Amino acid sequence: MALLIDTPVWPWRGRRWSHLVSDTGYDELHAFVQQHLEIPRRAFQGDHYDVPEELYARAVAAGAEPVDCRELLQRLLAAGLRVRKTRAASS
């Protein structure tokens with residue numbers, strides 16, 4: 001199992017966030033988040049969890065591999081686990 005987390009640099013609502021993904025499968029990702037981070041399943045964003053900056057160190061200590069955002073995306077794509085958002089058709 002390879003869980004990857006990027007640096008918490010993504011701003012939203014006055015906080016900074018990381019992305020946490022698995023390059024193996026979603027089951028391992030959900031289990032890791034539930035066991036170590038206690039983020040609700042409803043927070044799953046289709047192929048990743050957004051992790052607030054204050055939980056970054058806990059995720060790394062629990063075994064998530066720190067990577068930069070480009071490597072995270074490359075490995076997610078290589079694993080075939082990237083979910084691309086579709087744009088609504090214009091009227």
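The exercises below work through the strands, helices, cores and selected buried residues of a predicted model.

Residues are numbered from 1 along each chain as its sequence is written, and side-chain values use heavy atoms, with hydrogens and water left out. Since the model is predicted, local features need pLDDT of at least 70 and side-chain atom pairs count only at pLDDT 80 or more, whereas totals for chains, interfaces and linings use all residues.

**Exercise 1. Trace the strand pairing around β3, and name the bridge partners given for Ile5, Pro11 and Ser18.**

Step 1. Helices (H or I, at least four residues) and strands (E, at least two) are DSSP runs numbered from the N terminus, and two strands pair if DSSP finds at least two bridges between them.

Step 2. Strand β1 (residues 3–5) runs antiparallel to β3 (residues 15–22) and is joined to β3 by three bridges; here Ile5 stands opposite Leu20.

Step 3. Strand β2 (residues 10–12) also pairs with β3 in the antiparallel sense, over three bridges, and Pro11 has Arg16 as its bridge partner. These two strands form a hairpin with two residues between them, and Arg13 in the turn has a positive phi of about 50°.

Step 4. Strand β4 (residues 49–52) is antiparallel to β3 and joined to β3 by four bridges, with Ser18 opposite Val51.

**Exercise 2. Determine which residues of α1 are buried, and where they lie around the helix axis.**

Step 1. Helix α1 has 12 residues and spans 15 Å from its first C-alpha to its last, close to the 16 Å expected at 1.5 Å a residue, where the expected span is 1.5 Å times one less than the number of residues.

Step 2. Buried means under 20% relative accessible area, exposed over 50%, and partly exposed in between (1.4 Å probe, protein chains only). By this criterion the buried residues of α1 are Leu29, His30, Phe32, Val33 and Leu37.

Step 3. These residues cover an arc of only 165° around the axis, which puts them on the same side of α1; the arc is that of the directions from the helix axis to the C-beta atoms. An α-helix has 3.6 residues a turn, so residues three or four places apart point the same way.

Step 4. On the other side of α1, Asp27, Gln34 and Gln35 are exposed, while the buried residues pack against β1, β3, β4 and α2. Just after the helix, Glu38 takes a positive phi of about 55°.

**Exercise 3. Carry out the corresponding analysis for α2, stating which residues are buried and which are exposed.**

Step 1. Leu55, Tyr56 and Ala59 are buried in α2. Seen down the helix axis, the buried residues fall within an arc of 125°, so they line one face of the helix.

Step 2. The face turned away from the buried side carries the exposed residues Glu54, Ala57 and Ala61, whereas what covers the buried residues includes β1, β3, α1, β4 and β5 (65–66).

Step 3. Gly63, which follows α2, has a positive phi near 125°.

**Exercise 4. Identify the residues that touch the most other members of the largest nonpolar core, and the elements that give two or more residues to this core.**

Step 1. A nonpolar core is a set of buried Ala, Val, Leu, Ile, Met, Phe, Trp, Tyr and Cys residues joined through side-chain atoms within 4.5 Å. The largest has 15 residues, of which Leu20 and Leu37 touch the most other members.

Step 2. The elements that give two or more residues to this core are β1, α1 (26–37), β4 and α2 (53–61), and α1 gives the most, with four residues.

Step 3. A second, separate core of six residues includes Leu4, Leu72, Leu76 and Leu81.

**Exercise 5. Describe the surroundings of the buried residues His30 and Asp47.**

Step 1. His30 is in helix α1 and counts as buried at 11% relative accessibility. A polar contact of 3.2 Å joins the side chains of His30 and Arg41; such a contact is a pair of N or O atoms within 3.5 Å, where within protein one must be able to donate a hydrogen and the other to accept it, and residues adjacent in sequence count only if both atoms are side-chain atoms.

Step 2. Asp47 lies in the loop between α1 and β4 and counts as buried at 1% relative accessibility. The side chain of Asp47 reaches the backbone nitrogen of Val83 at 2.8 Å.

Methods:
Contact = heavy atoms within 4.5 Å.
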